[in-house]
Amino acid sequence: MKKWLMLSGIFFLMVGVVIGFIYIRKGESLQIGTITTFPHNKKTVAIELDNESSISSVYLIAIQVNNQAHPSGLELEQIKANEVINLSDQIDQQLTLQEVHKKIEPSSKRYMLKITHSKPIERVALTYKYVGKTQTQVIILD
């Protein structure tokens, strides 16, 4: 009887772990917030990124514009609670994708990603890794 109770407890624990893991992997951690475009300069876009996960960081693998081109400029700013960010269509501190990733802190949840390109931006694809799963979010701009 004790052995049966122990085995059933282990079974239910394993089922719970598997269901939890599936739930975590199924969801998208990276949420897109405010998207700011600049009408007089369609070569710049600012996108608010929100890490909804409380257990893992988001690792940006690729940022592509239009037809899978690499952006000419990237800037990342952490958004603190109740902070207003002044946006311009100029990149103040140009970063590489690796530098953008290094600036993303696991404890921080909200960022503003500013992207520039040599041609007007019509589409942005953000590819990221979350809990070992690679996902891509595509943003179509008007």
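What percentage of the 142 residues in the chain is buried? In this predicted model, buried residues account for 36% of the chain. The surface that the chain exposes comes to about 9,200 Å², and carbon and sulfur atoms supply 57% of that area.

The secondary structure consists of two helices and seven strands. Read from the N terminus, the elements follow the order α-β-β-β-β-α-β-β-β. Among contacts in the chain with a separation of 6 or more, 66% are between residues 24 or more positions apart.

The account may now turn to the open sheet. Four strands form this sheet, in the order β1-β2-β5-β4, and their pairing is antiparallel. Its edge strands are β1 (30–37) and β4, each of which pairs on one side only. From one strand to the next, the twist averages 20°.

Within the sheet, the pairing can be followed strand by strand. β1 and β2 form a hairpin, with six residues between the two strands. Six bridges pair them in the antiparallel sense. Q31 has D50 of β2 as its bridge partner, and I32 stands opposite L49, also in β2. β2 is joined to β5 as well, by seven bridges, and these two strands run antiparallel. There, T44 has T116 of β5 as its bridge partner.

How is β2 itself placed with respect to the surface, mostly covered or mostly exposed? The strand is mostly covered, with eight of its eight residues buried. T44, A46, E48 and D50 point one way from β2, while V45, I47, L49 and N51 point the other way. Both sets are buried. Two of the residues already met in the pairing, T44 and D50, thus belong to one set, and L49 belongs to the other.

The next subject is the largest nonpolar core. This core holds 24 residues, of which I63, L113, I115, V124 and L126 touch the most other members. Two or more residues come from each of β2 (44–51), β3 (59–65), β4 (73–78), α2 (97–103), β5 (110–116) and β6 (123–130). Of these elements, β6 gives the most to the core, with four residues.

L126 offers a view of the core from a single position. Leaving aside residues up to four places away in sequence, L126 touches L30, I32, L49, A62, I63, L113, Q135, T136, Q137 and I139. Among these partners are I32 and L49, the residues that stand opposite each other across β1 and β2. The partners also include I63 and L113, which are listed with L126 among the core residues that touch the most other members.

The backbone of one loop deserves a closer look. Most residues other than glycine have a negative phi. Which positive phi value does N66 have, although it is not a glycine? Its phi is about 50°, and N66 lies in the loop between β3 and β4. Q68 is another residue other than glycine with a positive phi, in this case near 65°. Q68 is likewise placed in the loop between β3 and β4.

Are N66 and Q68 buried or exposed? N66 counts as buried because its relative accessibility is 13%, and the cut-off for burial is under 20%. Q68, in contrast, counts as exposed because its relative accessibility is 57%, where exposed means over 50%.

Note on methods
Residues are numbered from 1 along each chain as its sequence is written. This is a predicted model: local features need pLDDT of at least 70, side-chain atom pairs count only at pLDDT 80 or more; totals for chains, interfaces and linings use all residues. Side-chain values use heavy atoms; hydrogens and water are left out. Buried means under 20% relative accessible area, exposed over 50%, partly exposed in between (1.4 Å probe, protein chains only). Contact means heavy atoms within 4.5 Å. Accessible areas come from the Shrake-Rupley method with a 1.4 Å probe; for residues, only the protein chains shown count as cover. A nonpolar core is a set of buried Ala, Val, Leu, Ile, Met, Phe, Trp, Tyr and Cys residues joined through side-chain atoms within 4.5 Å. Two strands pair if DSSP finds at least two bridges between them. Axes are lines fitted to C-alpha atoms, for helices over the stretch in contact, and angles run from 0 to 180 degrees between N-to-C directions.
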